[in-house]
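Hi there,

Here is the structure I promised to pass on to you. Have a look at it first, and then read my notes below with the picture open beside you.

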Amino acid sequence: MTRSGQAIGRIAPLRTLLEAARGGVLPLSPTLARLYGTLRLPLPRSGCLVISNFVSTLDGVVSLQVKGHGGGGDISGFSAQDRMVMGLLRAAVDAVVVGSGTLAADPRHVWTPEAICPELGADYRRLQASMGKRAPALNVIVSAEGTVDLRLPVFAAGRVPAMIITTARGAKRLLRGKVPDSVQLQAVRRRGGQIAPAVILDEIARSSSGRRILVEGGPRLLGTFYAQRLVDQQFLSLAPQLSGRQFGDARMSLVMGRLFAPSDPLWGRLVDARIGRRLLFLRYAF
């Protein structure tokens, strides 16, 4: 058995408890189908489908906000099954949206399936080809102030098509440096200090034909999508860990900067549930 085969063998299949009944069945390879099961994703007749994917502790923390420990690995216990699902969703969508804070927390990262789960790279590429995709998902970085390093791999390596959505002020700052030819720079207006999610989706639609969008963070950016009722489905990996909090600390929950309950609660509907070795993989429709 090859090293890749041995690595794949260490990823245990998920056990399906509840399966989404709506949406088209994605053409998963035999390996991905064995590991995940059947994956259905709806595609709206107009507009786009917005999904989000996070891993959370039992007490609702998605980021410890500690240097060197700000990513999801510390939350999931570096779960191979969680990485498999993350890669699967990245392979299935047309664009991955992250904020500048998420980029700063993991500056060497590129939001591709292979970057998070390299042992399944060939299977992810087969899925993308079966879905008619000629390139990886567009990596969209949202930064109102344009405070991103253009030398980072997501921009400079040429491994993925990339877009920076910023403001006129942010674009001016970025243009002082050298913006790689492969990077699209889109300057938009902002309201209330933030770039509206609807504007982000409009810019993605203008530059690509993609209609499936994955929001990977951070919690503040996701909060703006929820505030405008633009999230269709939430994938949530629940880790059996209690992280704890101190009063006033910076640890992040799934949504930050927005209040919904009690005046305007947002209720989801559980549509899919799978169990892994330690994590519970949930999916809600909104």
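**What I found**

Let's begin with one cysteine: Cys117 is buried, because its relative accessible area is 0% and buried means under 20%. Please keep in mind throughout that this is a predicted model. Cys48 is another story, as its relative accessibility of 21% makes it count as partly exposed. How many disulfides are there? The count comes to 0. For background, a disulfide is a covalent bond between the sulfur atoms of two cysteines.

**The nonpolar cores**

A general idea helps here: in soluble globular proteins, nonpolar side chains tend to be buried together. In this model, the largest nonpolar core has 52 residues. Tyr36, Met84, Leu88, Leu103, Leu120, Tyr124 and Phe155 are the residues with the most contacts inside this core. Several helices and strands each supply at least two of its residues, including helix H2 (30-36), strand S4 (49-56), helix H4 (80-92) and helix H7 (121-130). Which element gives the largest share of this core? That is H4, with 7 residues.

Tyr124 is a good residue to click on. Leaving aside neighbours within four places in sequence, Tyr124 is in contact with Leu32, Arg83, Met84, Gly87, Leu88, Ala91, Pro113, Glu114 and Cys117. So the buried cysteine from the start of these notes, with its 0% relative accessible area, turns up again among the contacts of Tyr124. Apart from the largest core lies another one, of 26 residues, among them Val62, Leu201, Val215 and Leu236.

**Strands that pair**

Next, please find strand S13 (residues 269-275). Strand S1 (residues 15-18) runs antiparallel to S13, and 3 bridges join the two. One place to see this pairing is Thr16, whose bridge partner in S13 is Arg274. S13 also pairs with strand S14 (residues 280-285), again in the antiparallel sense, over 6 bridges. Here Arg269 has Ala285 as its bridge partner in S14. S13 and S14 form a hairpin, with 4 residues between them. When you look at strands, remember that in a regular strand the side chains alternate between the two faces of the sheet.

**A cavity**

How many cavities of 30 Å³ or more are there? The count comes to 1, and about 70 Å³ of space lies in the largest cavity. Its lining is made by Tyr36, Asn53, Val85, Phe235, Leu236, Ser237, Asp272, Arg274, Phe281, Leu282 and Arg283. Strand S11 (233-238), S13 and S14 each supply at least two residues of that lining. Some names here will be familiar: Tyr36 was listed for the largest core, Leu236 for the other core, and Arg274 as the bridge partner of Thr16.

**Backbone details**

Where are the cis peptide bonds I noted? One joins Gly217 and Gly218, with omega about 5°. Gly218 has its place in the loop between strand S10 (212-217) and helix H11 (219-227). Another runs from Ala261 to Pro262, with omega near 5°, and Pro262 is in the loop between strand S12 (252-253) and S13.

A few residues have a positive phi. Gln65, which is not a glycine, has phi near 55°, and its place is in the loop between strand S5 (61-63) and helix H3 (73-76). Gln65 is partly exposed, with a relative accessible area of 42%. Phe78 also has a positive phi, of about 55°, and is found in the loop between H3 and H4. Is Phe78 buried or exposed? At 59% relative accessibility, Phe78 counts as exposed, because the cut-off for that is over 50%.

**Helix H11 and Gly60**

H11 is mostly covered, with 7 of its 9 residues buried. Those buried residues are Pro219, Leu221, Leu222, Gly223, Thr224, Phe225 and Tyr226. Just after H11, Arg229 takes a positive phi of about 55°.

Finally, look at Gly60 in the loop between S4 and S5. Gly60 counts as partly exposed, at 24% relative accessibility. The C-alpha atoms of Gly60 and Leu238 are separated by 8.8 Å, although these residues are 178 residues apart along the chain. Leaving aside neighbours within four places in sequence, Gly60 is in contact with Arg245, Met252, Ser253 and Leu254.

Enjoy exploring!

Note on methods: Residues numbered from 1 in each chain as written. Predicted model: local features only at pLDDT ≥ 70, side-chain atom pairs only at ≥ 80, totals over all residues. Heavy atoms only, no water. Disulfide = S-S within 2.5 Å. Buried < 20%, exposed > 50% of the residue type's maximum accessible area, 1.4 Å probe, protein only. Core = buried A, V, L, I, M, F, W, Y, C linked by side-chain atoms within 4.5 Å. Contact = heavy atoms within 4.5 Å. Pairing = 2+ DSSP bridges. 1 Å grid on protein atoms, 1.4 Å probe; cavity = no way out; pocket = protein on both sides within 12 Å on 5 of 7 lines; lining within 4 Å. Points joined across faces, edges and corners; volume = space filled by probe spheres on them.
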